[in-house]
Amino acid sequence: MKVKKRTFSGTPSAVETPREIAGREISRRAAAEGIVLLKNENHLLPLAAGQRIALFGSGAEKTVKGGTGSGDVNERHSVNILEGLELCGFAVTSRRWLSDYNTLYDQARIQWRDDILSRIDEDKPGCDPFAIYSTTPFQIPAGREITSEDAKEAQTDTAVYVISRVAGEGKDRSKGQGDWLLSDEEVRNIKSAAGYFSNLILILNAGGPIELSILDSIPQIKAVLFIAQAGMEGGTALGQVLTGQVNPSGKLTDSWAFHYEDYPNASTFSYCNGDVTTDKYEEGIFVGYRYFDAFNKPVRFPFGYGQSYTTFRIDQPIFRQKGPDIEVNATVTNTGGVPGREVVQIYAACPQNGLVKERKRLCGFAKTALLQPGESETVDIRFPLDALLSFDEAKNAYMLEMGLYGLLVGNSSADTTLIGALRMDETTIYRKVKPICPLRTELDEIRPDADTTAQYAQKMQDALTDLPILPLDTSMKAEQPALASRHPLADELAAKMTLKEIIPLLTGKLKGGPGSNLGSAGILVPGSAGETVSVTVNGVTYPEIVLADGPAGVRLASDYMVDSEGHTIEKDLLEVLEGGIFSKNSPQVEGTKYYQYCTAIPVGTLLAQTWDTALVEEVGAQIGDELNEFSVTLWLAPGMNIHRNPLCGRNFEYYSEDPVVSGMIAAAMTKGVQSQPGVGTTIKHFACNNQEDNRIGSNSVVSQRALREIYLRGFEIAVKTAQPMSIMTSYNLINGVHTANSRDLCTETARQEWNFQGLIMTDW
């Protein structure tokens, strides 16, 4: 399609720019800091530089850098694991297997593409190429069996096996083989590798957890690393971690269960229940570690967990109240033999004498600098009294209930030490609010066993006998933000405009026919998601704003052509999404090529696994710089919904099962992006976007308490801390009302309670 442009975004030079080089470096740093070491038996890792390695598995060369759909990014080059290992000095010796796998993969990829194209009929009314694409995820082949000939060629006792998964917008993951479960072929290959190599390193290149019962039966698996989907420099980052050039310091932001059935909503989630129209949040506030703790369910890897090549000691913790905040200081010492970083996590165990509560909840965290062996650092972690509140639906109020609020310090949810408590002498209404999103369907929420909960509470109280207990002063409440008010220019402009002039502002400017507004409808910047109209009032023109997808970077077309008449010739949507595999649909034209390569940063889950808000701010500043370079105003990111169930197809875009992690990381990203002038974030998807199947018709049936304490809490933190420029609503309904139509969410909550001052948009 030809569209007239006044200016051209990007550059006609094919040479890598200084901005690209800077983006590559920040992406590598973020990836390396977010990789989680899950197992390291007998200190197998780090490996010696220059060591021979046999490399196998679906992600060896076909490493998955990110998810599909709006989360994709078109970068100049992505470093796969093979390339990254070789860049870091390893000698990869399994060439025959890798060559055979590449042939198999390429054939499968072409078949997948042709299947999609065969079902796209552009002349058929209502045909949606993106819907066909997003609901037909590519099934990554496992590759042929590893043989004695492969082992002979390798000439090493050390093998790396990469398990990759792909997921994306519009389709949930499967609980079956090849997704949550390993496929039969993957199990066969790993067992074969274990028969030939005494040291097997498992690399998990997936957007979320997978079932790892194979660890219980194959002792040769000495090390496991979760690299999620690490962006354009994931291969380099992994190589640096394996050599010890970077000591892994990432921590999980989810609980990894032993089996899918261990999750509280396993049987009712999405297609697992055969019903994609109604999803009852019967687990209430008991999401993630809150559930596993309260219901005494063991997990394979707990929330907040991650190993290091060194060891740390956390001691001398003290705490105090400072106005409406609680401050905890703790000294971290590197007690091992190599430099490393540690994450200090603060949890609160709220009293159990009123509302039913979780056993503990995360309140705050901090990451140390790189500590040399023997070096110490005192970290200061501050969190508001809001972190201790529980919502009482009968009173429509956030409560500080009478009793002791135990404070625990540790480096995972399963490894904490009680350091004292805060005491409330009487139950207090801390903040009263208007009720929102009333239930229209009966909801029977689960409750932990009362006797077990009472025993836990008593044990906590007994443990406080010799520890400091400080009274809580609730008189020094945080100032409530003033209500948002419109800028006077908005009223002035509206008064001068006719209704016909105002209405287009609500929909923006689109190109093409029905359905073309999904994903790549921008005119001014090729491959951008869309844009608004410009407005001229009394001779003054207020220019359009351009919006681009995220959240793994700025998603634009990597390149486009400009013909001799100054018209742009753009790629179609599927080619923008897949970086060339659908290129046979693109028109051929003579002219000037413009390049728009962007930085493919790690997916949201891995960024959160850094637990490093300062680093995430740096990533955000890089994104803001790219937005300005390409004349994009709004980045449709970050995504920050809660990981309610591990099979949600879009979890890779989101941060965590915990709202504090989600809110603090989203706030850091927003501060970084908006440190650049004139650009902003769009936090999404507001709210309860926890299912991708039938996402536009799915009704989330959720209590007001769970909504406020779990699913809205991260958004609240991001708004109050960083004031993002925009919020995007979700497709789904909450208690029978589409979120975009919900005055309770968009006005009463976001604007009246949180003082949100930006714009609220629908999803595409």
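In this predicted model, helices α15 and α17 cross in a right-handed sense. Two packed helices are described by the angle between their axes and the distance between the axes. For α15 and α17, the axes come within 7 Å and cross at roughly 35 degrees. The residues that α15 brings to this contact are Pro659, Val660, Gly663, Met664, Ala666, Ala667, Thr670 and Lys671, and they meet Arg713, Gly714, Ile717, Ala718, Thr721 and Ala722 of α17. Sorted by class, the contact holds eight nonpolar, four polar and two charged residues.

The helices discussed in this report span the following residues.

| Helix | Residues |
|---|---|
| α3 | 95-118 |
| α15 | 659-673 |
| α17 | 713-722 |

Helix α3 is made up of 24 residues, and the distance from its first C-alpha to its last is 35 Å, which is close to the 34 Å expected at 1.5 Å a residue. Its buried residues include the aromatic side chains of Trp97, Tyr101, Tyr105 and Trp112, and Arg109, Arg113 and Asn102 are also among them. The remaining buried positions of α3 are Leu98, Ala108, Ile116 and Leu117.

Elsewhere in the chain, Leu44 sits in the loop that runs between β2 (36-40) and β3 (52-57). Is this loop residue buried or exposed? Leu44 counts as buried because its relative accessibility is 17%, and the cut-off for that class is under 20%. Once neighbours within four places in sequence are set aside, Leu44 is in contact with Asn199, Ile201, Lys222 and Ala223. One of these partners, Lys222, lies 178 residues away from Leu44 along the chain, yet the C-alpha atoms of the two residues are separated by 6.8 Å.

Technical notes
Residues numbered from 1 in each chain as written. Predicted model: local features only at pLDDT ≥ 70, side-chain atom pairs only at ≥ 80, totals over all residues. Heavy atoms only, no water. Axes fitted to C-alpha atoms, helices over the stretch in contact; angles between N-to-C directions. Helix = DSSP H or I, 4+ residues; strand = E, 2+ residues; numbered from the N terminus. Left-handed = near helix turned anticlockwise from the far one by under 90°. Contact = heavy atoms within 4.5 Å. Nonpolar A, V, L, I, M, F, W, Y, C, P; charged D, E, K, R; others polar. Buried < 20%, exposed > 50% of the residue type's maximum accessible area, 1.4 Å probe, protein only. Expected span 1.5 Å × (residues − 1).
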